[in-house]
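Student: Could you take me on a close look at a single part of this model, with the cut-offs spelled out as you go? I would like to see how one helix sits against its partner, and then a few residues elsewhere.

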Amino acid sequence: MSRCCVDFSRVELSDEDQAFQAEVRACLKTLVTQEVIRRDRETGENFDEGVHLALGARGYLASDWKDEVDGGFSPLRRRIWDMEIGRAHTPWFHWGTTAMVAHTVAQFGSSELKDEVLAQVLSGHYRLCLGYTEPEGGSDVATCKTRAVRDGDGWIINGSKMFTSNAHNAQYVFLVTNTDPEAPKHQSLTMFLVPMGAPGVEIQPIRTVDGDRTNITYYSDVRVDDKYRVGEVNGGWAVLREALNAEHGTVQRDAHGLQKLAVMSEHLSLLAEAIDRVAAVAPRDDESVKYRLGRSIARMEAAMSTPEMFGRVAIAQTMRDVTPDLMDILGTASSLPRETDKAADDGGAEYVFRLAVPTGIYGGTLEVFRNMIAQHALGLGRPNYSPDKRTS
């Protein structure tokens, strides 16, 4: 029986990489001020235009987007970058979406579209959002009902999308449309990069339980030129599959031995801070409290060390399991939110408790990810949802 060994030893940084880490840390300390963090928590946008443009102007967005051979970060520097971004609590969540869509446009878009969009993305001036989920579609994006109909040299689009996060700060939406309702659902899709400023596009805000802002977007007779089509007509599933694989963490760049950090690993830094705050005020002579705090730290460290889509599940599940325990240690005052008078630990555990719910939904529910792990990693095949006749 073969065994897989995981190396948890510390990566030794060269003098040049240490200097890069110090440079990034100093830059983020200047840009990501307490006012930026406060405003981000208040608005729930997970985005700050001033920070984003400053990072673009310094070349960091381009370096993060490009492969090393094209002038981008080395795998080690990309890891340093990702970790420093999380440690600084940078409003950063939506750059991953923009970068993913930009890679898809680079692979499948026309030369005209690439010329229009990519340079502005890397400077920070253009942001891209996702138009996948529909009000009645759930996690199955292939059931798309948003229609795109040919109109001369362009297309007319009608429909709506849920959870179009950062649409109000974006210049384009990567939109799934149905261009052949009579075809099987995976052969009826066409992808477009639709300008958010086009007539007929409407954005309405939605608040999630953790205070984040997302949106529902409506498309009423929105006309777009054919240059905004990404990939072949009715060939959208092949385009979308590449983007979904990148989002879910089932593919990754060659990292030279460094496994890919799980999506939303930065949320664990918030959990770590909450644990520290609870430990600072918890009864020190209570053995059960010591045990529960130790268990919380162990769970957090295990989740932090779990890569790719496996970590995606571990992080969300750990946040959901640990935060109620932390709040129970603190008592009823732990249910008060941040910046509320007499809130225990300044509402840190309560905030992570609420954040845990959408963390287990963004990009697909935990059930979807567990099924993906079963299929792609364990080779168990597709799940069978048919009724069990033995119980009927």
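Tutor: Happily; we begin with helix 13 and its packing, and then turn to some other places in the chain.

A word on the basis comes before that. This is a predicted model, in which local features need pLDDT of at least 70 and side-chain atom pairs count only at pLDDT 80 or more, while totals for chains, interfaces and linings use all residues. Residues are numbered from 1 along each chain as its sequence is written, and side-chain values use heavy atoms, with hydrogens and water left out.

Helices (H or I, at least four residues) and strands (E, at least two) are DSSP runs, numbered from the N terminus. Helix 13 covers residues 366-377, and its 12 residues should span 16 Å at 1.5 Å a residue; the expected span is 1.5 Å times one less than the number of residues. The end C-alpha atoms of helix 13 are 15 Å apart, which agrees. Buried in this helix are Leu366, Phe369, Met372, Ile373 and Ala374, where buried means under 20% relative accessible area, exposed over 50% and partly exposed in between (1.4 Å probe, protein chains only). Just after helix 13 comes Gly379, with a positive phi of about 65°.

Now for the partner. Two packed helices are described by the angle between their axes and the distance between the axes. For helix 11 (residues 308-330) and helix 13, the axes come within 9 Å and cross at roughly 145°; axes are lines fitted to C-alpha atoms, for helices over the stretch in contact, and angles run from 0 to 180 degrees between N-to-C directions. On the helix 11 side, the contact is made by Met309, Phe310, Arg312, Val313, Ala316, Gln317 and Arg320, and on the helix 13 side by Leu366, Phe369, Arg370, Met372, Ile373, His376 and Ala377. Contact here means heavy atoms within 4.5 Å. These residues divide into nine nonpolar, two polar and three charged, with Ala, Val, Leu, Ile, Met, Phe, Trp, Tyr, Cys and Pro counted as nonpolar, Asp, Glu, Lys and Arg as charged, and the others, Gly among them, as polar.

Next, strand 5 (residues 189-195) holds Thr190, which is buried with a relative accessible area of 0%. The side chain of Thr190 makes a polar contact with the side chain of Thr179 at 2.6 Å; such a contact is a pair of N or O atoms within 3.5 Å, where within protein one must be able to donate a hydrogen and the other to accept it, and residues adjacent in sequence count only if both atoms are side-chain atoms. A polar atom of the Thr190 side chain also lies 2.8 Å from the backbone nitrogen of Asn234. Asn234 sits in the loop between strand 8 (229-230) and helix 8 (236-248), is partly exposed at 26% relative accessible area, and has a positive phi near 65° although it is a residue other than glycine.

Last, helix 3 (residues 49-57) has Val51, His52, Ala54, Leu55 and Gly56 buried. Asp48 caps its N-terminal end, with a side-chain oxygen 3.1 Å from the backbone nitrogen of Gly50. Helix 3 is followed by Gly59, whose phi is positive, near 85°. In the loop between helix 2 and helix 3 lies Asn46, which is not a glycine yet has a positive phi of about 55°.
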